[in-house]
Amino acid sequence: MLALVTFYLWVGPVLVALIFGYVTYHIYKGYREKPKH
Amino acid sequence: MTIITVTQMAGLLGGFGIVMFLLVWWHGRRKGDTIEDFTVAGRNVGLGFGSATLLATWIWALSLYAPAQSGYQSGIAGPFWYSLGGAVMVIIFSPFVKHIRDLVPRGHTIAEFVGARYNSTAHGIMIAFNLASSFLVLFFNLSVAGYLISTFSQISYEISIFIVAIIFLSYSLVSGLKASILTDYLQLVMISLIALVVTPYVFIKAGGAPAIVSALPDIGDKGNFLSQDAFLELGLPYFLAGIFGGLGYQSLWQRVWAIRRQAVSRCYIIGGAGWFPYSLTFGMFGVIALVTGISSEVGGSDITPLVAAHFLPGGLAMLFILMVLAAVASSGDSALSAFSTVVVTDIFKKYINKGATSEKQLIVARTSMIFIAVLAAFAATFKISLLQLVLFLGVTKGAIAFPLLASLYWNRINAIGFSLSVIIGLGAGLGAYFYFLNISPYFNLIGILTAFGVSTASCALHSLSNRKKFDFTSLADRVRELTE
């Protein structure tokens with residue numbers, strides 16, 4: 001039970017970190033690929 | 001619970017507003033925006049900003065409060081079901097967004113599509129629904145901001161509302177949806193800090209998983225992951241409501257035309273799937289309250305600030321307020337942008353001045369933003385009950401869902417079929433809602449499902465009897481850019 005509750009409690013922050021990292025990476029990638037004027 | 005001084009709070013609000021405004025001003029300093037930039041951000045938003053804006057827009061003030069309330073009321077399974085329902089609301093868009101983008105590549109609003117597909121009556125129904133939805137989102141966000149700021153400091157509820165309204169109005173006036181999308185990422189950074197810093201801090205201070213496990217026997221069925229009550233009261237209703245939830249929400253549709261075509265479906269999937277862990281994390285505040293004995297006198301609707309104030313020291317409490325402010329602003333500026341786009345595209349340009357210049361349309365868009373922000377702020381200060389409007393819009397979502405989505409694919413639906421099915425479905429849904437109000441705890445769900453069932457049946461029956469077929473290829477020419 002402890003393992004299940006630990007997973008349930010912490011899965012949110014871990015997935016938030018992954019999603020946030022993914023979105024940030026694509027914004028960074030977009031800026032790098034943007035043609036320079 | 002006054003733990004922040006007026007000076008600190010004023011600094012926090014002022015700093016937030018200045019940073020957002022400077023970001024938008026700096027980004028747009030080189031060239032003047034056209035009305036197309038203002039309404040659909042130049043149709044050139046990429047995967048990263050597209051996903052971030054959908055996430056930040058969908059995480060509104062209530063997204064920080066309602067999951068925690070579900071955890072407090074329904075127990076450990078509550079946040080899971082609530083979060084699943086909310087995620088479905090955005091993911092459900094993904095199959096339709098590329099299709100509508102192909103049908104009307106130069107579109108701006110969902111009402112504009114309905115107007116081009118049908119007639120002015122059907123168009124009017126969608127306009128009214130979109131304007132009312134935007135007003136409601138603004139009203140709720142400003143109310144939550146007012147309660148939060150006045151709870152944590154001695155700044156009054158009324159003044160708090162106007163300060164927050166001025167903050168997101170100021171940068172929205174500069175460049176509309178472009179400003180909204182640009183600031184959404186920064187606001188997402190702030191919201192993410194709740195999930196990555198504040199919530200783990202609360203978990204640890206509350207004793208973590210061992211404290212929850214040891215308290216589970218004391219909270220009965222609320223400690224059960226497979227609780228049938230949690231499923232019936234939250235899981236099923238939210239999942240079903242999720243199917244209809246976002247369909248009438250112009251802020252979500254507007255981004256269909258702002259994001260690049262090849263990235264648009266992925267953005268909606270990432271936006272929806274990404275919302276799930278954010279909501280689940282915020283929901284743990286309610287579970288923590290349940291196991292640590294923090295009680296709410298109003299059924300848990302204030303449980304998030306109560307838990308925050310209980311566990312967080314002054315510095316982190318300020319961070320918490322900043323994050324709620326970010327959630328309020330990200331949805332508030334989107335609602336302002338949605339409202340002004342509907343006013344310009346569907347009312348001003350369509351019915352009042354077809355040949356209006358870009359500059360004139362920008363003036364109308366900005367004026368309508370000021371109008372709705374002031375109206376929503378005044379409504380929020382009077383603390384008027386908008387329950388009837390909430391009910392009406394909830395049932396309308398059910399009534400609009402099938403006719404709207406079928407309009408994208410089925411060429412036998414006509415203007416009468418669309419308008420009649422929405423009106424009949426709405427009437428039936430409201431009737432069912434009031435009939436079951438004192439009979440069943442699921443009266444809200446029954447109202448929405450009745451509206452959906454009746455509108456679907458009437459739309460299908462009418463359309464099957466209609467032999468005239470609509471030519472979808474004609475839509476692309478009927479919907480033009482606002483500068484054309």
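How many helices and how many strands are there in chain A? Chain A holds 1 helix and 0 strands, and this report, which concerns a predicted model, sets that chain beside chain B before turning to individual residues.

**The two chains**

The C-alpha trace of chain A, followed along its principal axes, spans about 60 × 10 × 5 Å. Of its 37 residues, 32% count as buried, and the chain exposes about 2700 Å², of which carbon and sulfur atoms supply 73%.

Chain B, for its part, has a secondary structure of 20 helices and 0 strands. Its C-alpha atoms fill a box of roughly 65 × 55 × 40 Å when the box is taken along the principal axes. A compact globule with 484 residues would have a radius of gyration near 23 Å, and the 22 Å of chain B agrees with this. Of the 484 residues of chain B, 61% count as buried, while the surface that chain B exposes comes to about 17600 Å², with carbon and sulfur atoms supplying 67% of it. When contacts in chain B between residues at least 6 apart in sequence are considered, 85% of them join residues at least 24 apart. Chain B also carries 28 positive and 20 negative charges, and the mean positions of these two sets are 11 Å apart.

**Helix H10 of chain B and its cover**

Which residues of helix H10 in chain B are buried? In this helix, formed by residues 208-215, the buried ones are Gly208(B), Ala209(B), Ile212(B) and Ala215(B). Seen down the axis of H10(B), these buried residues fall within an arc of 130 degrees, so they line one face of the helix. What covers them includes elements from both chains, namely helix H1 (2-33) of chain A together with helix H9 (157-205) and helix H13 (264-292) of chain B.

From chain A, one residue that takes part in this arrangement is Leu9(A), whose place is in helix H1 of chain A. Leu9(A) counts as buried because its relative accessibility is 2%, where the cut-off for buried is under 20%. Leaving aside its neighbours within four places in sequence, Leu9(A) is in contact with Phe203(B), Gly208(B), Ala209(B), Ile212(B) and Met284(B). Gly208(B), Ala209(B) and Ile212(B) are thus named both among the buried residues of H10(B) and among the contacts of Leu9(A).

Ala215(B), which also lies in helix H10 of chain B, counts as buried at 10% relative accessibility. Ala215(B) and Leu290(B) are 75 residues apart in sequence, yet their C-alpha atoms are 8.9 Å apart in space.

**Residues far apart in sequence**

The pair just described is one of several in chain B for which a separation along the chain can be set beside a distance in space, as the following table shows.

| Pair | Separation in sequence | C-alpha to C-alpha distance |
|---|---|---|
| Leu12(B) and Met318(B) | 306 residues | 7.8 Å |
| Arg261(B) and Arg43(B) | 218 residues | 8.6 Å |
| Ala215(B) and Leu290(B) | 75 residues | 8.9 Å |

Leu12(B) is found in helix H1 of chain B, which is made of residues 6-27, and at 13% relative accessibility Leu12(B) counts as buried. Its contacts, leaving aside the neighbours within four places in sequence, are with Met318(B), Ile321(B) and Leu322(B).

Arg261(B) lies in the loop between helix H12 (250-258) and H13 of chain B. Is Arg261(B) buried or partly exposed? With a relative accessible area of 36%, Arg261(B) is partly exposed. Apart from its neighbours within four places in sequence, Arg261(B) is in contact with Lys98(B), Arg101(B) and Asp102(B).

**The loop between H2 and H3 of chain B**

Arg43(B), the partner of Arg261(B) in the table, has its place in the loop between H2 and H3 of chain B. Ala41(B) lies in the loop between helix H2 (35-40) and helix H3 (47-58) of chain B. Most residues other than glycine have a negative phi. Phi of Ala41(B), however, is near 50 degrees, a positive value, and Arg43(B), although not a glycine, has a positive phi of about 55 degrees. Ala41(B) counts as buried at 11% relative accessibility, and Arg43(B) counts as buried at 12% relative accessibility.

Technical notes:
Residues numbered from 1 in each chain as written. Chains lettered and ligands numbered in written order. Predicted model: local features only at pLDDT ≥ 70, side-chain atom pairs only at ≥ 80, totals over all residues. Heavy atoms only, no water. Buried < 20%, exposed > 50% of the residue type's maximum accessible area, 1.4 Å probe, protein only. Helix = DSSP H or I, 4+ residues; strand = E, 2+ residues; numbered from the N terminus. Arc of directions from axis to C-beta. Contact = heavy atoms within 4.5 Å. Rg over C-alpha atoms; globule rule 2.2 N^0.38 Å. Areas by Shrake-Rupley, 256 points an atom, 1.4 Å probe, with all protein chains shown as cover. Lys, Arg positive; Asp, Glu negative; His and termini not counted. Charge placed at Lys NZ, Arg CZ, Asp CG, Glu CD.
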